[in-house]
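Welcome! Open your viewer, keep the selection tool handy, and let's take a short walk together.

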Amino acid sequence: MDRTDAGALVRAAADGDAAAWKALVEGLSPLVWSVVRAHRLSDADAHEVYQTAWFRFAQHLGRIREPGKAGAWLASTARHECLKVIRNSQRLTLTDDPRLLDRVSEDGTPEQSLLDSEEAAAQSERVRRLWQEFEELGERCRQLLRVLMATPPPSYQDVSAALGIAVGSIGPLRQRCLRRLRARLQARGAI
Amino acid sequence: MSDMNGDRYDDGLYDHDLYEDDLSGEGDFGDEEFDAGMLEEELRQAAAVLDPVPPELQQIAVDAYALHDLDARVAELTFDSLVDALPVRGVTDTPRMLTFRAGEVTVDVEVTAQGLMGQVLPPQPARIEILGGPRPGFPLTADDLGRFTGDVPLSGPFALRLRTGGDVVVTEWLRA
């Protein structure tokens, strides 16, 4: 979500426009979710941190100094709550939740099966492999890419706020991590 | 590819580099051009399918608009033992201590497994609500010395809304 849009929506929502709030949630929710996912919290913790970030954002709505940076504000809030969870539990609950990895093949509802073509099955398999290789990347790459893959693509300022990395190093790290992912896929013959 | 990498790294190191986690290290291997943007876009699509925001969770964020309250002052978190306190060796089960401040009003809170206790300073009676989200909270009363106790275990996000005299103060949302 670009800054002009975010700024206008924040101001409108602060003035009582519920539709503007909804648009903010729709535009920035995937970013917040990406941040908590990047930190590998358990599902329960992830849900709580996500909610905490939005509750606090709602609470500060009329007081946010730079409304255009709403994405960075939310990302940074989510990050700090994630770090507290990690500090508190002193151990990371890894997201090796099989449901996450298998979700594609799990979608076997009757309606779905009717629609499934061989092409779609091959596509799902590609997506599943891609995800698996992504999950097995080193921790820093996995974190960075998980945040970068939010929809819409976050700005580097947002990514910086989400992960505490300098804006200037995001580009090179991104390039390197994507190259690494691609090398893994190639090694598996997945490309 | 017949550059210095060939002299310095053997294939084993190359493989190792794929798995090591230190990105600050030197040596971009094989500087082949590829469309990073396309791979990122594939990941974006994969995330949308495999790890989307749970719809019920997003609905909670939409409903959180009700928490937008222009009349209340926000008491900011100024101390959180989880972050600001030095760990005490051998003591693992310490209660979480929080301090919030809005202007002259300070709220000290201690979160325990049983619930919470705290004090409003300067000492004054207050009606307090423990909020857990955009819905009515759990009511408490602070006595003349500003002390309050709540016997509901906190879980998840919470905030306290305090009414003292004509003033409404809400503590910053936190995860218990």
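Start by selecting A:Gly164, the residue that follows H9(A); its phi is positive, near 70°. Keep in mind as you look around that this is a predicted model.

Now step back along the chain and select helix H9, residues 156-163 of chain A. Is this helix mostly enclosed or not? Six of its eight residues are buried, so H9(A) is largely enclosed by the rest of the structure. Colour the buried ones: A:Asp158, A:Val159, A:Ser160, A:Ala161, A:Ala162 and A:Leu163. To see what they pack against, show H2, H4, H8 and H10 of chain A.

Two of those neighbours make a good next stop. Select H2(A) and H8(A), which pack at an angle of about 170° with their axes 8 Å apart. An angle over 145° counts as roughly antiparallel, so H2(A) is roughly antiparallel to H8(A). The crossing of H2(A) past H8(A) is right-handed. Zoom in on where they meet: A:Ser34, A:Val35, A:Arg37 and A:Ala38 come from H2(A), while A:Gln143, A:Arg146 and A:Val147 come from H8(A). Sorted by class, this contact has three nonpolar, two polar and two charged residues.

Finally, zoom out and show chain B as well. Here 52 residues of chain A are in contact with 41 residues of chain B. Several helices of chain A give two or more residues to this side, including H2 (18-38), H8 (139-148) and H10 (167-187). Select H3(A) last: it gives the most, with 12 residues. Coloured by class, the side of chain A that touches chain B shows 24 nonpolar, 11 polar and 17 charged residues.

Note on methods. Residues numbered from 1 in each chain as written. Chains lettered and ligands numbered in written order. Predicted model: local features only at pLDDT ≥ 70, side-chain atom pairs only at ≥ 80, totals over all residues. Contact = placed C-beta atoms within 7 Å. Helix = DSSP H or I, 4+ residues; strand = E, 2+ residues; numbered from the N terminus. Nonpolar A, V, L, I, M, F, W, Y, C, P; charged D, E, K, R; others polar. Buried ≥ 20, exposed ≤ 12 C-beta atoms within 10 Å, placed from the backbone. Axes fitted to C-alpha atoms, helices over the stretch in contact; angles between N-to-C directions. Parallel < 35°, antiparallel > 145°, perpendicular 65-115°, else oblique. Left-handed = near helix turned anticlockwise from the far one by under 90°.
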